[in-house]
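Work through the following exercises with the sequence and the structure side by side, and try each task before reading its solution.

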Amino acid sequence: MTTLVVAEAVAIGLLGLLVAGLLRSHADILRRLHQLGAGDDDRRSPADVRFGLQPGVPAPRDGLKGQSPGGHDIAGQTPAGDAVALAVVGIAQNTLVAFLSSGCSTCADFWESFGGSGPTLPFGTQLVVVTKGTDHESESRLRQLAPSAVPVVMSSAVWAAYDVPVAPYFVLVDGPSGQVRGERAATSWAQVAHLWQQAAADGRLAERRTTGTGDDGFRAARADAELLTAGITPGHPSLYPSSLPEPPKQGFQSADRSDRDRQRALLAVAMPVAIAAGIRSTWSP
Amino acid sequence: MRISAHGMAADLPGGWDARIYRRPPERPAAATHPVLHAGNFALPAERGDYGSGAVELMSAAHVLVVLREFGAEAVDRPLFAPRGRPSPVPYAAFRPDGLQRAIQGQAGAQFFFTENGRPFCLYVVLGSYVNRSGLAPVAAGVVDRLQIEPVTAGPAGGP
């Protein structure tokens with residue numbers, strides 16, 4: 001009995017040492033955390049907390065704060081020294097503004113693709129190329145690059161108004177509302193086409209939200225945009241096939257192989273039985 | 001929205017397209033003169049000096065204003081004797097047979113004058129003859145805000 005009591009006392013003493021060690025360790029951890037500043041936020045008011053962007057990261061536009069930024073009419077000088085003004089806001093058609101430079105290598109593909117009759121655009125959309133003014137651009141180089149079918153406007157003020165961060169950069173402005181429906185840097189025309197795909201999708205969602213209906217127009221616009229992205233333009237041969245694929249045949253031809261095998265086996269058994277029955281009925285007195 | 005070039009300037013209301021241009025000479029030392037086009041619709045890239053290519057796109061609510069300068073030798077001609085542009089553009093001057101290119105439903109008016117020593121032809125097209133009482137003041141508002149700088153010693157063939 002005495003031995004048991006002594007053993008129990010020793011065990012209790014060891015457990016007590018263990019608990020004391022754990023408490024000391026916990027106190028050390030709390031002290032370290034306090035030294036690192038943990039828990040100070042609990043004593044701050046929410047107004048004291050400051051959020052910011054990493055240095056070099058551009059600040060978000062108003063459009064990212066819940067409201068689409070507005071477009072701006074475009075006015076400036078042409079590479080030939082003439083003057084041009086283009087209405088963008090409050091008109092029936094949409095405007096795709098391409099901000100290009102004569103010097104950037106990525107822009108070269110766009111300058112080339114805008115030549116001839118110009119790129120294929122969604123119905124009711126005009127394309128305008130805007131470069132910076134003569135203080136930043138070479139007029140002689142732009143005269144060589146400027147396409148004949150697409151207006152080219154030199155204006156640093158327009159670049160500033162649209163807050164263009166880089167070239168090439170594209171902004172899609174909705175004419176009737178004057179709001180920017182999409183903007184992005186792009187290195188290929190397929191990426192640019194994504195702008196009006198996105199705009200069509202956003203417009204469809206907005207219409208659903210406001211009216212709960214109205215899908216056909218945006219569905220058609222999206223279909224057009226996706227076909228254009230795939231290189232299928234109005235009049236494309238694939239839209240007018242010379243012959244249509246044959247429809248699937250009915251009956252046996254539509255059955256699968258096992259069905260056909262079962263039907264043949266059934267016929268193989270049934271036909272002789274039917275013939276024998278017919279002979280017997282014919283010859284029986 | 002304001003544009004200016006070749007000694008002309010225009011203050012335009014919202015929704016208006018405009019160009020002030022001078023065609024390159026067809027032969028060396030040939031004279032070309034500035035032309036202004038302004039319309040409350042999208043002006044096409046290819047246009048004639050009197051708006052051909054654009055007038056075909058006009059609806060009944062549209063207006064096209066053309067201001068075309070002539071060579072300095074025209075100043076002494078009787079055609080350009082009136083001093084200054086018409087202000088306001090007279091509503092009664094618009095007629096279907098006043099069009100350079102006859103298009104059904106449209107009406108046009110043409111005025112020759114000299115301003116600041118420069119001879120001009122002002123040509124205005126209304127998209128609707130029937131609605132000329134509504135469209136003529138719109139055109140007059142733009143014409144009144146055109147600015148013509150005095151003739152100066154400029155490059156050959158223009159101000």
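**Exercise 1. The fold of chain B**

Find what percentage of the contacts in chain B between residues at least 6 apart in sequence join residues at least 24 apart, and describe the order of helices and strands along the chain.

Solution. In this predicted model, 60% of the contacts in chain B between residues at least 6 apart in sequence join residues at least 24 apart. The next step is to list the elements: chain B has one helix and eight strands, and their order along the sequence is β-β-β-β-β-β-β-α-β. Finally, of the 159 residues in chain B, 52% are buried.

**Exercise 2. The helix of chain B**

Determine how the span of helix H1(B) compares with the expected span, and on which side or sides of the helix its buried residues lie.

Solution. Begin with the length: H1(B) covers residues 132-144, which is 13 residues, and its span from the first C-alpha to the last is 17 Å, close to the 18 Å expected at 1.5 Å a residue. Next, pick out the buried residues of H1(B), which are Leu135(B), Ala136(B), Ala139(B), Ala140(B), Val142(B) and Val143(B). Because these residues cover an arc of only 160 degrees around the axis, they lie on the same side of H1(B). As a last step, look for what they pack against, and you will find E5, E7 and strand E8 (146-148) of chain B.

**Exercise 3. Salt bridges**

Take three of the salt bridges in the structure, and decide for each partner whether it is buried, partly exposed or exposed.

Solution. Side chains of opposite charge can pair when their charged atoms come close. The search of the whole structure finds eight salt bridges over all chains, and the steps below take three pairs in turn.

1. Glu69(B) and Arg118(B) meet through their side chains in a salt bridge, at 2.8 Å from N to O. Glu69(B) belongs to strand E5 (residues 63-69) and Arg118(B) to strand E7 (residues 118-126), so the pair ties together parts of chain B that are 49 residues apart in sequence. Since buried means under 20% relative accessible area, Glu69(B) at 6% is buried, and Arg118(B) at 1% is buried as well.

2. Asp97(B) and Arg95(B) form a salt bridge with an N to O distance of 2.8 Å. Asp97(B), with 59% relative accessibility, counts as exposed, whereas Arg95(B), with 43%, is partly exposed. Elsewhere, salt bridges that share partners link Arg23(B), Asp49(B) and Arg68(B) into one network.

3. Arg31(A) and Asp28(A) form a salt bridge at 2.4 Å, again from N to O. Both residues lie in helix H1 (residues 2-35) of chain A, three residues apart, which is about one turn of the helix. Arg31(A) is partly exposed at 47% relative accessible area, and Asp28(A) is also partly exposed, at 32%.

**Exercise 4. The contact between the chains**

State how many residues each chain gives to the contact, how much area is buried, and how many salt bridges are counted between chain B and chain A.

Solution. Count the residues first: chain B gives 19 residues and chain A gives 16 residues. Then turn to the area, which is about 1100 Å² buried between the two chains, with carbon and sulfur atoms giving 57% of it. The count of salt bridges between chain B and chain A, however, is zero.

**Exercise 5. A hairpin and some backbone details**

Describe how strands E6(A) and E7(A) pair, and then locate the cis peptide bonds and the positive phi angles described below.

Solution. Strand E6 (residues 169-173) and strand E7 (residues 180-185) of chain A pair in the antiparallel sense over five bridges, with Phe170(A) opposite Arg184(A). These strands form a hairpin with six residues between them, and in the turn Gly178(A) has a positive phi of about 75 degrees.

For the cis bonds, look at Ala167(A) to Pro168(A), where omega is near 0 degrees; Pro168(A) sits in the loop between helix H4 (156-162) and E6 of chain A. Another cis peptide bond joins Ser87(B) and Pro88(B), with omega about -5 degrees, and Pro88(B) lies in the loop between E5 and strand E6 (107-115) of chain B.

For positive phi in residues other than glycine, His6(B) has a value near 55 degrees and lies in the loop between strand E1 (2-5) and strand E2 (8-11) of chain B. Asn116(B) has a phi near 50 degrees, is found in the loop between E6 and E7 of chain B, and is partly exposed, with a relative accessible area of 38%.

Notes: Residues are numbered from 1 along each chain as its sequence is written. Chains are lettered from A and ligands numbered from 1 in the order in which they are written. This is a predicted model: local features need pLDDT of at least 70, side-chain atom pairs count only at pLDDT 80 or more; totals for chains, interfaces and linings use all residues. Side-chain values use heavy atoms; hydrogens and water are left out. A salt bridge is a side-chain nitrogen of Lys or Arg within 4 Å of a carboxyl oxygen of Asp or Glu. Helices (H or I, at least four residues) and strands (E, at least two) are DSSP runs, numbered from the N terminus. Buried means under 20% relative accessible area, exposed over 50%, partly exposed in between (1.4 Å probe, protein chains only). Two strands pair if DSSP finds at least two bridges between them. The expected span of a helix is 1.5 Å times one less than its number of residues. The arc is that of the directions from the helix axis to the C-beta atoms. Contact means heavy atoms within 4.5 Å. Buried area is the accessible area (1.4 Å probe) that two parts lose on being put together, summed over both.
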